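Me: I'm new to this one and I'd like to know what the labels rest on. Can you take me through it?

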Amino acid sequence: MIEAGDFGVKKVHDDLEKLRTLNPKGINWFLAFFRSGGPALNPLLELKKSFERANGLNDKKVKLEPGLVKSFSVYRPNKEPEPFGIALLKAQ
């Protein structure tokens with residue numbers, strides 16, 4: 001199962017726990033969105049910093065695969081390109 005939403009430590013942990021309850025024998029993922037500033041430009045750095053913090057992502061509950069983290073620009077008519085980042089995080 002896959003849950004998606006803006007990146008937040010609590011949101012990732014809560015949603016993956018919900019998926020573990022709904023899908024206890026399957027593989028569960030969280031697709032995190034990074035929409036602004038530095039985190040959108042470098043979501044991998046943001047995630048690594050989060051794993052290092054005491055109140056950040058818990059590596060016993062969440063697995064980070066660096067190859068599943070990307071950043072790109074979103075282009076809209078008559079606007080400057082905006083950075084956007086995504087990461088697919090796996091429940092442990």
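**What the labels mean here**

Reply: Sure, let's start with helix H1, whose buried residues are Val9, Val12, His13, Asp15, Leu16 and Leu19. Buried means under 20% relative accessible area, exposed means over 50%, and partly exposed is in between (1.4 Å probe, protein chains only). This is a predicted model, where local features need pLDDT of at least 70 and side-chain atom pairs count only at pLDDT 80 or more, while totals for chains, interfaces and linings use all residues. Residues are numbered from 1 along each chain as its sequence is written, and side-chain values use heavy atoms, with hydrogens and water left out.

Me: What covers the buried residues of H1?

Reply: The cover includes strand E1 (2–6), E2, helix H3 (43–52), E3 and strand E4 (82–91). Helices (H or I, at least four residues) and strands (E, at least two) are DSSP runs, numbered from the N terminus.

Me: How do you know that H1 has close to its expected reach?

Reply: The expected span is 1.5 Å times one less than the number of residues. H1 has 14 residues, the expected value is 20 Å, and its first and last C-alpha are 20 Å apart, so the two agree closely.

Me: Why is Asn28 called buried?

Reply: Its relative accessibility is 4%, and the limit is under 20%, so Asn28 counts as buried. Asn28 sits in the loop between helix H1 (9–22) and strand E2 (29–34).

Me: What makes the link between Asn28 and Asn23 a polar contact?

Reply: A polar contact is a pair of N or O atoms within 3.5 Å; within protein, one must be able to donate a hydrogen and the other to accept it, and residues adjacent in sequence count only if both atoms are side-chain atoms. The side chains of Asn28 and Asn23 are joined at 2.9 Å, so the pair qualifies.

Me: Which residues does Asn28 touch, leaving out those up to four places away in sequence?

Reply: Among them are Met1, Leu16, Leu89 and Ala91. Contact means heavy atoms within 4.5 Å.

Me: Why is Glu65 called partly exposed?

Reply: Glu65 has a relative accessible area of 30%, which falls between the two limits, so partly exposed is the label. Glu65 belongs to strand E3 (residues 62–74).

Me: And what pattern does the protein chain follow along the sequence?

Reply: Reading along, you get β-α-β-α-α-β-β, with 3 helices and 4 strands in the chain. Buried residues make up 29% of its 92 residues.
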